[in-house]
Amino acid sequence: KVDKQRAMVLCYDMVSLKLTHLPLFLLSVQGVWPQVLINNENSLRMTRNRRFSNTQNEIPADTLMTLLGAVVMTMRDTYLPPNDPGSERITEGLSRFCGWSSQLTLTHDSAGQFCQTLVSCLSNLSIILPQPNADSYPLNENTLVMLKCFELMTCTLGWEWANNILIRQHLWKVLQDWSIQKSKQQQQQLEGAVGGSGSGVNTSSSDYSAACTIRFIGTIGCIVTGSKPDTAKPLFNAVSALISEEKIHTVPWCVQVAAVMATMDLSIVDLRGAFTSIRCWETQTRTHSRHIPPSLDSKIKTFRSWFFKQPMSQLMCV
């Protein structure tokens, strides 16, 4: 299972890079891993008409393959010269071996359907539960594939679509629902403490959903903030607020870790603010003897080193 998902991630990365010989590469992958890119004629219809079942423990494979195929077939003119016999044979090969019809395309409507299916997976703890000691924490192999899907759609449809549709209509709702739920839990905990019978609230599935969503937003925002940093300012402010001194005692640990990573991802929006937020969070965390995961600690050190190499005009005074 893991090897197959790693192969999927490799294909998604190669498609995002828009390599010149991408179709030939994908056909080669299909020859080595026949089940990685396989699809069937009814996948797009099934994806559009079926709601995700919370009893499943994996992201629907036909959704992933149809999305990859839709992107490749939408952009095939970029890779394949039109009216070229060789191009026609490659297109036929993709259709025959991967099940990707030449009419398969990624539109705003179909992308919205993909988003709904993928976001619905975030409510399934068996899909999103991370491995605490993994380098990708709080992501796991399933949510990493989801992230690659969102990256791929963003690279294909652009930042305006990602900001207005993917983030604001789909991902932001996950965070809003989580925030409402946490507020209710904290109120109940406070009332219980006043009455003498309160207890701490354990990390819930919605906390892991929020953590994954924050990682998604940070990574997606990082793709395009270089050219339009101002558009991601609200995202940066919302994410960095989760690691502020007043929130460190109420925000679940997995969400804090995700927020630190997302703050670094979006740091181009406000480099000084990102550095200050992460430094304060790190100080507070160590003061309260919380163990920072080695992979995150390494990323923070790399970010700090990079920060001090920036021109003084960007750093101003910290």
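Biologist: Why is asparagine 140 called buried in this model?

Modeller: The model is predicted, and in it asparagine 140 has a relative accessible area of 7%. Buried means under 20%, so asparagine 140 is classed as buried.

Biologist: Where does asparagine 140 lie with respect to the helices?

Modeller: Asparagine 140 lies in the loop that runs between helix 8 (125-128) and helix 9 (141-157). Leaving aside residues up to four places away in sequence, asparagine 140 touches Ile127, Ile128, Leu129 and Pro130.

Biologist: What makes the approach of the asparagine 140 side chain to the backbone oxygen of isoleucine 127 a polar contact?

Modeller: A polar atom of that side chain lies 2.8 Å from the backbone oxygen of isoleucine 127, and the cut-off for such a pair is 3.5 Å. The backbone oxygen of leucine 129 lies 2.9 Å from a polar atom of the asparagine 140 side chain.

Biologist: Why is serine 183 called partly exposed?

Modeller: Partly exposed covers values between the 20% and 50% limits; serine 183 has a relative accessibility of 43%, and therefore counts as partly exposed. Serine 183 is found in helix 10 (residues 159-195), and its side chain reaches the backbone oxygen of serine 179 at 3.0 Å.

Biologist: How do you know that the span of helix 15 agrees with expectation?

Modeller: Helix 15 (residues 294-307) has 14 residues, which at 1.5 Å a residue should span 20 Å. The end C-alpha atoms are 20 Å apart, so the two values agree.

Biologist: Which residues of helix 15 are buried?

Modeller: They are Ser295, Leu296, Asp297, Ile300, Phe303 and Phe307.

Technical notes. Residues are numbered from 1 along each chain as its sequence is written. This is a predicted model: local features need pLDDT of at least 70, side-chain atom pairs count only at pLDDT 80 or more; totals for chains, interfaces and linings use all residues. Side-chain values use heavy atoms; hydrogens and water are left out. Helices (H or I, at least four residues) and strands (E, at least two) are DSSP runs, numbered from the N terminus. Buried means under 20% relative accessible area, exposed over 50%, partly exposed in between (1.4 Å probe, protein chains only). A polar contact is a pair of N or O atoms within 3.5 Å; within protein, one must be able to donate a hydrogen and the other to accept it, and residues adjacent in sequence count only if both atoms are side-chain atoms. Contact means heavy atoms within 4.5 Å. The expected span of a helix is 1.5 Å times one less than its number of residues.
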